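Student: I would like to learn how to read a helix and the parts around it. Could you take me through one slowly?

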Amino acid sequence: MTTITVCTTCRTAEEREDRTLPPSGEAFLLELQAASGSGVAVRGTSCLMGCDHGCNIAVSDHGKLTYVLGRFGGSAEDAAAVSAFADGHAASATGQVPFRQWPQGVKGHFIARVPPLD
Ligand code: FES
């Protein structure tokens, strides 16, 4: 099943500047859980080792491409865009989501695309 892995300890650029602010990652997890349908799983983890461009998430499934995205603020709009992208990943046999199907809200947020293991 396509799974969105959310870094719950991630900080936005503003939160990295002002360490008195709480990290947005945990709230982003809740937004993604609310935005995602039954065909996509959502889980949280601490630190995806991309802390300088948080908030970060990964979209993956067995035998499919993995996408890593970052620089999100963690809003409901961000969650809706990631969720729509994950729906496209779930519908694709390879995990590849054609550019024309990318939600506007994920454009400019891609960090890496990792091929599946053989
Ligand atoms: S805290 Fe989110 S990637 Fe490190």
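Tutor: Let us start with helix H3 (residues 76–91), which has 16 residues and reaches 22 Å from its first C-alpha to its last, close to the 22 Å expected at 1.5 Å a residue; the expected span is 1.5 Å times one less than the number of residues. Helices (H or I, at least four residues) and strands (E, at least two) are DSSP runs, numbered from the N terminus. Residues are numbered from 1 along each chain as its sequence is written. The model is predicted, so local features need pLDDT of at least 70, side-chain atom pairs count only at pLDDT 80 or more, and totals for chains, interfaces and linings use all residues.

Student: Which residues of H3 are buried?

Tutor: A residue is buried if 20 or more other C-beta atoms, placed from the backbone, lie within 10 Å of its own. In H3 the buried residues include Ala-81, Val-82, Phe-85 and His-89.

Student: What covers the buried residues of H3?

Tutor: Contact means C-beta atoms, placed from the backbone, within 7 Å. The cover includes strand S1 (3–7), helix H2 (25–35), strand S3 (57–60) and strand S4 (66–69).

Student: How are the strands ordered in the sheet?

Tutor: Two strands pair if DSSP finds at least two bridges between them. Here an open sheet of five strands follows the order S2-S1-S3-S4-S5, with mixed pairing. Strand S2 (41–45) and strand S5 (110–114) stand at the edges, each with a single partner strand, so one side of each has no neighbour in the sheet. S4 and S5 run antiparallel and are joined by four bridges, and Leu-69 has Phe-110 in S5 as its bridge partner.

Note on methods
A residue is buried if 20 or more other C-beta atoms lie within 10 Å of its own, exposed if 12 or fewer, and partly exposed in between; C-beta atoms are placed from the backbone. Two residues are in contact if their C-beta atoms, placed from the backbone, lie within 7 Å.
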